[in-house]
Amino acid sequence: MNTNTGTNTDTNTARGWLTDDVALVTGGGSGIGRAVVKRFLAEGARGVGVLVRSAEHVASLQQEFGDRVVVVCGDVRSPQDNAAAVDATVERFGKLDTLVGNAGVWDFFARLEKLSLEQLSESFDEIFAINVKGYVLAARAAAPHLRASHGSMIFTLSNAAFYPGGGGPLYVASKHAGVGLVKQLAYELAPDVRVNAVAPGGTATPLRGPASLGKQEQRLSELPGFEASVANSMPLRFMAQPEDHTGHYVLLASRANSRATTASIVHSDGGWEIRGFARNT
Ligand SMILES: NC(=O)c1ccc[n+]([C@@H]2O[C@H](COP(=O)([O-])OP(=O)(O)OC[C@H]3O[C@@H](n4cnc5c(N)ncnc54)[C@H](O)[C@@H]3O)[C@@H](O)[C@H]2O)c1
């Protein structure tokens with residue numbers, strides 16, 4: 001684990017919905033998390049802490065955003081790394097208003113009966129440790145600061161948090177667990193901290209799989225035909241880009257615009273719930 005505080009002096013102070021706010025985004029080196037980092041800064045955030053897994057993400061975030069980010073390299077499965085990310089963010093920017101729990105892995109549609117018992121057991125442990133425990137540990141580390149600031153938590157869930165078919169049983173169950181986590185944390189942390197989520201559908205990102213299935217280097221966006229298959233299965237008929245979801249995070253983070261909203265999950269999935277055949281009359 002190491003901390004890179006950066007030296008770039010870009011001081012973009014554009015006013016927006018998050019003027020002077022401070023956020024921490026886990027898994028913010030790529031995909032949806034990175035788009036959230038960029039959008040929060042564009043909305044006037046004072047700074048954003050980012051917890052990433054790779055040195056490559058540390059360097060590229062640093063290069064793009066300079067001293068408006070503080071980047072911690074660690075693993076969301078580690079209580080210490082989550083605490084270090086929160087501490088680095090508060091030390092650097094003076095407070096924490098929003099936690100975005102976002103780091104995750106996908107199971108590449110691994111089916112129950114296709115996995116050996118050993119694979120099933122190990123990939124359950126790995127996927128749940130990243131997708132669920134990672135959110136729990138980030139919430140635990142951030143909670144005292146968010147109570148102090150009367151801030152909020154936002155978790156990245158998925159269409160797979162509500163419906164089958166967005167993965168195999170392990171990914172789908174892990175994202176369903178996220179729904180329970182959002183509701184229970186919203187209940188426990190009220191009235192000080194609002195807790196909400198965004199549930200994207202298929203999105204063009206390099207989302208990877210678990211090492212226990214040998215899929216740690218495989219990327220969702222490289223699956224043959226993935227874009228067409230997502231587009232064809234959605235009423236809105238396109239695969240989202242990471243930027244397509246970021247407005248929902250801004251809305252939920254904004255005290256001025258979401259003061260009365262907690263335990264809510266915004267669907268950003270192209271209409272997964274209303275899939276089917278409409279009569280052309
Ligand atoms: N891409 C999609 O189609 C899609 C759809 C619905 C939900 N999601 C969810 O969106 C979230 C972000 O994923 P994405 O699609 O942007 O993919 P992504 O791979 O670009 O982002 C996930 C990030 O999490 C990081 N990460 C993974 N394991 C980690 C660990 N143990 N410790 C620290 N960081 C770790 C990765 O390095 C990566 O940067 C995930 O929770 C994913 O489940 C994605």
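**View 1. Val-76 and its neighbours at the ligand.** In this predicted model, a backbone N or O atom of Val-76 sits 2.9 Å from a nitrogen atom of the ligand. Ile-32 also uses its backbone here: one of its N or O atoms lies 2.8 Å from an oxygen atom of the ligand. Tyr-135 brings in a side chain instead, with a polar atom 3.4 Å from a ligand oxygen. On its own the ligand would expose 810 Å², and the protein buries 94% of that.

**View 2. The shell around the ligand.** Zoom out a little, and 28 residues surround the ligand. Ser-30, Ile-32, Tyr-171, Thr-203 and Thr-205 are the closest of them. By residue type, the shell splits into 11 nonpolar, 13 polar and four charged. Which elements give two or more residues to this shell? They are the helices α1 (31-42), α4 (117-149) and α5 (169-189).

**View 3. Thr-26, tucked away in strand β2.** Thr-26 belongs to β2, which runs over residues 22-26. Is Thr-26 buried or exposed? Its relative accessibility is 3%, so Thr-26 counts as buried. Its side chain reaches two backbone nitrogens, that of Asn-102 at 2.9 Å and that of Ala-103 at 3.1 Å. Both of those residues also turn up among the contacts of Thr-26, along with Leu-51, Val-76, Asn-82, Val-100, Gly-101 and Ala-138, once residues up to four places away in sequence are set aside. Val-76, then, touches Thr-26 and also has a backbone atom 2.9 Å from a ligand nitrogen. Asp-75 makes a nice sequence-versus-space pair with Thr-26: they are 49 residues apart along the chain, yet 9.4 Å apart from C-alpha to C-alpha.

**View 4. Helix α2 and its two sides.** Helix α2 covers residues 55-65, and its buried residues include His-57, Val-58, Leu-61, Gln-62 and Phe-65. Why do these five end up on the same side of α2? They span an arc of only 130 degrees around the axis, so they share one side of the helix. The general rule behind such spacing is that an α-helix has 3.6 residues a turn, so residues three or four places apart point the same way. Over on the other side of α2, Ala-55, Glu-56 and Gln-63 are exposed. Right after the helix comes Gly-66, with a positive phi near 55 degrees.

**View 5. Helix α6, from its buried side to Ser-229.** In α6 (residues 226-233), the buried residues are Phe-226, Val-230 and Ala-231. Their arc around the axis is only 125 degrees, which places them on the same side of α6. Ser-229 is part of this helix as well, but at 42% relative accessibility Ser-229 counts as partly exposed. The C-alpha atom of Ser-229 is 9.5 Å from that of Gly-202, a residue 27 places away along the chain.

**View 6. Ser-174 inside helix α5.** Ser-174 sits in α5, one of the elements that give two or more residues to the shell around the ligand. Its relative accessibility is 1%, so Ser-174 is counted as buried. What does Ser-174 touch, leaving aside neighbours within four places in sequence? Its contacts are Ile-127, Phe-128, Asn-131 and Val-132.

**View 7. Backbone oddities in three loops.** As background, most residues other than glycine have a negative phi, and most peptide bonds are trans. Start with Phe-108, which is not a glycine but has a positive phi of about 55 degrees. Phe-108 is found in the loop between β5 (98-101) and α4, and at 9% relative accessibility Phe-108 counts as buried. Arg-237 also has a positive phi, near 65 degrees, and belongs to the loop between α6 and α7 (246-253). Is Arg-237 buried or exposed? With 52% relative accessibility, Arg-237 counts as exposed. Last comes a cis peptide bond, running from Ala-190 to Pro-191 with omega near 5 degrees. Pro-191 is in the loop between α5 and β7 (194-200).

Technical notes
Residues numbered from 1 in each chain as written. Predicted model: local features only at pLDDT ≥ 70, side-chain atom pairs only at ≥ 80, totals over all residues. Heavy atoms only, no water. Buried < 20%, exposed > 50% of the residue type's maximum accessible area, 1.4 Å probe, protein only. Helix = DSSP H or I, 4+ residues; strand = E, 2+ residues; numbered from the N terminus. Arc of directions from axis to C-beta. Contact = heavy atoms within 4.5 Å. Polar contact = N/O pair within 3.5 Å; in protein donor to acceptor, adjacent residues only side chain to side chain. Near = heavy atom within 4 Å. Areas by Shrake-Rupley, 256 points an atom, 1.4 Å probe, with all protein chains shown as cover. Nonpolar A, V, L, I, M, F, W, Y, C, P; charged D, E, K, R; others polar.
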